[in-house]
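Here is a short walk through a two-chain model. Have the sequence and the 3D view open side by side as you read.

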Amino acid sequence: MTAALSVEGLEVVFDRFRALKGVSLEVREGESYGLVGESGSGKSTLLRAITGLAPASSGTITVNGKVLGKTREKAFYREVQMVFQDPYGSLHPRQTVDRLLQEPLAIHGIADGEKRIERALDEVGLGKGFRFRYAHQLSGGQRQRVAIARALILEPSILLLDEPTSALDASVQAEVLNLLEEVRRRRKLTFLMVSHDLAIITHMCERLMVMQNGEVVETLTASQLIGHRVSEDYTRNLLRASEGFVRV
Amino acid sequence: MNDDKALLEVEDLHVTFATRTGLVQAVRGVSFSLGRERLGIVGESGSGKSQTGRAIMGVTLPQAKVSAKKLAFDGIDLLSVSPSQRRALRGNRIAMILQDPKYSLDPVMTIGRQIVETLRTHEKVSKAEARERALDMLRAVQIRDPARVFDLHPHEVSGGMGQRAMIAMMLIAGPELMIADEPTSALDVTVQLDVLNILDRLVAERGMGLIFISHDLRLVSSFCDRVVVMYAGKVVEQLKASELRDARHPYTRGLLNCMPKIGFERHPLPVLDRKPEWAA
């Protein structure tokens, strides 16, 4: 198995604040990898640094064998796409679904747009009827499906998912998680997924990394986590917290 | 735990918004009663759970219409009392905690002043005494260095600390009924439990009634005595939290079922098959 994505000693500094303190990680091809931690742990910053949205001050990022430079080339975005947390914020409110999906195609000069848009909408379970609607006419779950369609339309091999369901209701969350699993299976995608919810991560990912204060706490397989075979107290605390409230 | 006399009685509560496209009924005939217990109201977005809480508190938006056969707090008919009487109840005998301390605390006032303001609105106490009581209250919500936090502005504290300050502010007037609308949803899981522990202890110690509004069925059932499940503005099921496993309504069961659970592999996850008759 080769690494689809590997990160070595990544540092991100905002002014004097070190958001990531030398984080390393390797995601194999076709794997689904989870990042968990509390807010401020740096899990989202890690995704943003990979896409070039956060400034990396040192460290190397390698995607499909290619080491990334300071700026990202266009070709990078055909390989790596991201789905953001809040579909209310990540879709342009004054653009139709069609226009939203056209944009990446136009940027990359892809000709068979018509077919790709139809396919992408179909794949995320929306169908042609949604093509000329505006984001505000859609529910949260439908918007997140559009965001996933937009990420898929360039046919990337790696999908970065930043809390893709935390803004959604529980029943809609299940639908979107199922959709993500399905597209991953069908397109043999590699996932790097951030969530604060351990149950979602164990459901979706084979391996995961626990983060705190910009550092790696430990890396585990999902089955180690399920079996409570963890070595750090911090992870144990997270596990306990995920089991709900217990009256003392 | 149950008093004979109900602290709060809600019968056939309706909240209706007039919009450009016609009337939107956010709450459609909700009934329940509450003693000195912890009641959870659970539902997804748009189910009317928050509007139910707001109607009880009396902070429904002015363009909405609230009506009910009965909406009584400790025998007081909330719909017929004067606005000033209602105001005297609010913050004093009925208090409310909102989701995100970033928005529910005043950003330009120190935390201490906000707590003192609440107290002095409802009780005649000297400034020095109010300060002492505010510091005690901050201590009660397990803030380690209350004198320091007293002088901080909300942006200088973490979310968990802000929510504790919010609880302190709401509890200082000694309310009998507390409405907590998603009090921990904006917090990290580990902080969530700390805040819930504090809330739990204070509610028990002071013998308050608590309405805990949340989208998280599992959390609510682990915290509350009784659960009301809402869907599309209506109550679909009321049950004891301990009997959640035996929930009858397909919506409640579906909601419980569709969440991923550590140690239970289910691919794909079961999804909710919404029936139009649930909303009828």
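## Starting at one residue

In which segment is B:Ala280 found? Look just past helix H11 (276-279) of chain B: B:Ala280 is in the segment after that helix. Keep in mind that this is a predicted model.

Is B:Ala280 buried or exposed? B:Ala280 has 7 other C-beta atoms within 10 Å, and the cut-off for exposed is 12 or fewer, so B:Ala280 counts as exposed. One residue to find alongside it is B:Lys234: the two sit 46 residues apart in sequence, yet their C-alpha atoms are 9.0 Å apart in space.

## Two domains in chain B

Chain B splits into two domains. Domain 1 is pieced together from residues 1-93, 178-244 and 274-280, while domain 2 is residues 103-172. Measure between their C-alpha centres in your viewer and you should get 25 Å.

How many residues of each domain of chain B are in contact with the other domain? On the domain 1 side there are twelve, and they meet 13 residues of domain 2. Helix H8 (residues 189-206) of chain B gives the largest share of the domain 1 side, with six residues. Sorted by class, that side of domain 1 has nine nonpolar residues, two polar ones and one charged one.

## Where chain B touches chain A

Now zoom out to the pair of chains. Chain B puts 29 residues into the contact, and chain A puts in 26. On the chain B side, H8, helix H9 (217-223) and helix H10 (250-257) each chip in at least two residues.

Which element of chain B supplies the largest share of the side that touches chain A? That's H8(B), with seven residues. So H8 of chain B turns up in both places: it leads the domain 1 side facing domain 2, and it leads the chain B side facing chain A. By class, the chain B side facing chain A comes out as 15 nonpolar, nine polar and five charged residues.

## What the record says

Both chains carry an annotation from UniProt, in each case from an unreviewed entry. For chain B, "domain: ABC transporter" covers residues 8-257. That span is 39% helix and 27% strand, and its end C-alpha atoms lie 32 Å apart.

For chain A, the UniProt annotation "domain: ABC transporter" covers residues 5-238. Here the chain is 38% helix and 27% strand, with 26 Å between the end C-alpha atoms.

Key: Residues numbered from 1 in each chain as written. Chains lettered and ligands numbered in written order. Predicted model: local features only at pLDDT ≥ 70, side-chain atom pairs only at ≥ 80, totals over all residues. Domains from an automatic or database assignment. Contact = placed C-beta atoms within 7 Å. Helix = DSSP H or I, 4+ residues; strand = E, 2+ residues; numbered from the N terminus. Nonpolar A, V, L, I, M, F, W, Y, C, P; charged D, E, K, R; others polar. Buried ≥ 20, exposed ≤ 12 C-beta atoms within 10 Å, placed from the backbone. UniProt positions renumbered as here; feature names shortened; annotations may be inferred.
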